[in-house]
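Student: I would like a close look at a single part of this protein, namely its salt bridges, set against the strands and cores around them. Please take me through it in one connected answer.

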Amino acid sequence: MALPLGLAWAQGKPLRPLTDELSSGLALLAFAIILAEFLLSGRFAMVSRRVGLDFTMRVHQLAARVALALALVHPLLYSLPHHPRRPWDDTGLLSLSADPLFLASGALAWALLIVLVAMAVWRKRFPYRYETWRLMHAVAAVLVAGALAHHAIAGGRCSHDPLLAGFWLALLALAGLSIAWVYLLKPLRQRRQPWRVVSTRAIAERTTELEIENPSGRALAFEAGQFVWLNVGHSPFSVHENPFSISSAPSSEGRLQFVIKAVGDMTNALPDVAPGTLAYLDGPHGYLTPSAPAVRSATGLALIAGGVGIAPLLSIMRHLGQSGDPRPVTLVYGNRSEAQIVYPQELAQFAAGAGHRVVQVLREPPPGWQGLAGNLDESLIRQVFEPGAHQGWTYLLCGPPPMIAACSAALRRLGVRRDRFWPNASITDRRRQTERRPQCLIAVSRATAPLHDRTGIRFRHRRRRHRRRLSCFLALHARADPRA
């Protein structure tokens, strides 16, 4: 991101007032961030397998806010007047460009960027389907990038330089390739490799099992715990696709299974999808798999699932069973009612294996319930995992955000090292009205969780410190006040 600043400084132009130089610097940074955003949103498998799409989306959202803040401040810092370029001011030292197209493209990009970020932050408040919003988001982003490119190269004091202009054009080309990859090249590849729906069947309350196959018999090369973006019954060029975790174990049969909860238009209509309906896949994505170092080096595995968060953990559980993994495995599976439990017979069969344990938890247990009752919270985690009894285990969590927060806090208090548990909130529970992200992205970045932990701890310490300071201030004030 600092490269455009270095290229601008290397031009050796005379310095303008400090606020004007600062304004130009903010604009260069904002433009670089905006162009890099296209690469973050490209869903490239080489990125998702290393850090996870969940992490790249968080960075994408944060970077957009930073770019907007820089862009908002940029025009407010200029102190030089707008005048047509004078012959004796070839470096733009004394004035800013007054070219109408230059000013119009800058104003357009500035306004569109505000709208773009606002519609992303508050998108649930807009009366648009996700597919409509996604198209509007992509078109607005392209317009912002194009307007900024014209504004910077046509009238910018530094970006008019051939070297820096070439840098912007190269980044602009990469951004264009990213858009072409998502909306053209990848759909063309999917069109040559269609899948077909084999069956859909209800396996629990408001939960459907979807099975698809590759007509060519070619299996998808994926690892247990990964997910794909799935498009059922639409053109591969359509934006009607949703991310779902694969629940089946890897095999050579060319078939995939998904456990999908009804939370929106697509998932509500899933039981009515006819066998033979074409489907298209984008993936696999995700990197927290049995081959991941944290899982491979574990002496035992704890799979903690809430609701439909069981989907990727089912894939891992099935893979461990099929591969004959000798390590002990404990599955903790929480639901609201018994009717929401998926594959109860298979879970019972897994629990009968050597070293395997399945703990069922219900918030509303029926009479005679043999499992545990309550929420997946700290008290239950302590009940299942006794302190010191699971040294070297790795804990994989997937479910609603409150469950993830409670279980993560419990594991920390039990002394589990932070690199030994991997939390991830189930997107289904976070966004029940829209289907915008994977129901469970087990590919959450390992790097983000320690950051969130440290940030949360830092903020808690600050609040406590401020409360102590306030208490001391009030006590001293009371002593000094003669009315006290």
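Tutor: In this predicted model, the protein chain has 15 helices and 12 strands. Buried residues make up 48% of the 484 residues, and the chain exposes about 23,500 Å², of which carbon and sulfur atoms supply 62%. Among contacts between residues at least 6 apart in sequence, 73% join residues at least 24 apart.

The salt bridges come to 13 in count. One of them is formed by Asp282 with Lys186, whose closest N and O atoms are 3.1 Å apart. This pair links distant parts of the chain, since Asp282 belongs to strand β6 and Lys186 to helix α7, with their positions 96 residues apart in sequence. Are these two residues buried or exposed? Both Asp282 and Lys186 are buried.

The two elements that hold this pair also lead to other parts of the model. Strand β6, residues 278-285, runs antiparallel to strand β1, residues 195-204, and 2 bridges join them; on this side Arg196 stands opposite Leu278 of β6. Helix α7, which spans 162-192, supplies at least two residues to the largest nonpolar core, a set of 36 residues in which Phe31, Leu35, Leu113, Leu164 and Trp168 touch the most other members. The helices α1 (3-9), α2 (18-40), α4 (53-73), α5 (100-121) and α6 (130-155) likewise each supply at least two residues of this core, and α2 gives the most, with 9 residues. For one view from inside this core, take Leu113: leaving aside its neighbours within four places in sequence, Leu113 is in contact with Ile34, Ala67, Leu68, Ala71 and Val144. A second, separate core holds 31 residues, including Ala305, Val308, Ala311 and Tyr333.

Returning to β1, we reach the second salt bridge of interest by way of a hairpin. Strand β1 is joined by 7 bridges to strand β2, residues 207-213, and the two run antiparallel; Ala204 has Thr207 of β2 as its bridge partner. The hairpin has 2 residues between its strands, and Arg206 there takes a positive phi near 55 degrees. Glu205 lies in this loop between β1 and β2, whereas Arg336 lies in the loop between β8 (329-335) and α11 (344-351), so their pairing ties together parts that are 131 residues apart in sequence. The side chains of Glu205 and Arg336 meet in a salt bridge at 2.6 Å, taken from N to O. Glu205 is partly exposed, with a relative accessible area of 31%, and Arg336 is also partly exposed, with a value of 25%. This salt bridge belongs to a network in which Glu205, Arg336 and Glu364 are linked.

A third salt bridge involves helix α11, where the side chain of Glu346 meets that of Arg318 at 2.7 Å, N to O. This pair again links distant parts of the chain, with Arg318 in helix α10 (residues 310-323) and Glu346 in helix α11, 28 residues apart. How do the two partners compare in cover? Because its relative accessible area of 12% falls under 20%, Arg318 counts as buried, while Glu346 is partly exposed, with a relative accessible area of 24%.

Helix α10, which carries Arg318, also lies on the path between two strands: the chain crosses from β7 through α10 to β8, and this β-α-β crossover is right-handed. Strands β7 and β8 run parallel and are joined by 6 bridges, with Leu303 standing opposite Leu331 in β8. Strand β7 is also joined by 6 bridges to strand β11 (residues 393-398), which runs parallel to it, and in this pairing Ala302 stands opposite Tyr395 in β11. Strand β7 itself, residues 300-306, is mostly covered, with 7 of its 7 residues buried. Its residues divide by direction, as Gly300, Ala302, Ile304 and Gly306 point one way and Leu301, Leu303 and Ala305 the other way, and all are buried. Ala305, one of the residues pointing that other way, is also among the members of the second core.

Technical notes
Residues numbered from 1 in each chain as written. Predicted model: local features only at pLDDT ≥ 70, side-chain atom pairs only at ≥ 80, totals over all residues. Heavy atoms only, no water. Helix = DSSP H or I, 4+ residues; strand = E, 2+ residues; numbered from the N terminus. Buried < 20%, exposed > 50% of the residue type's maximum accessible area, 1.4 Å probe, protein only. Contact = heavy atoms within 4.5 Å. Areas by Shrake-Rupley, 256 points an atom, 1.4 Å probe, with all protein chains shown as cover. Core = buried A, V, L, I, M, F, W, Y, C linked by side-chain atoms within 4.5 Å. Pairing = 2+ DSSP bridges. Salt bridge = Lys/Arg side-chain N within 4 Å of Asp/Glu carboxyl O. Right-handed = clockwise from strand over helix to strand, strands pointing away.
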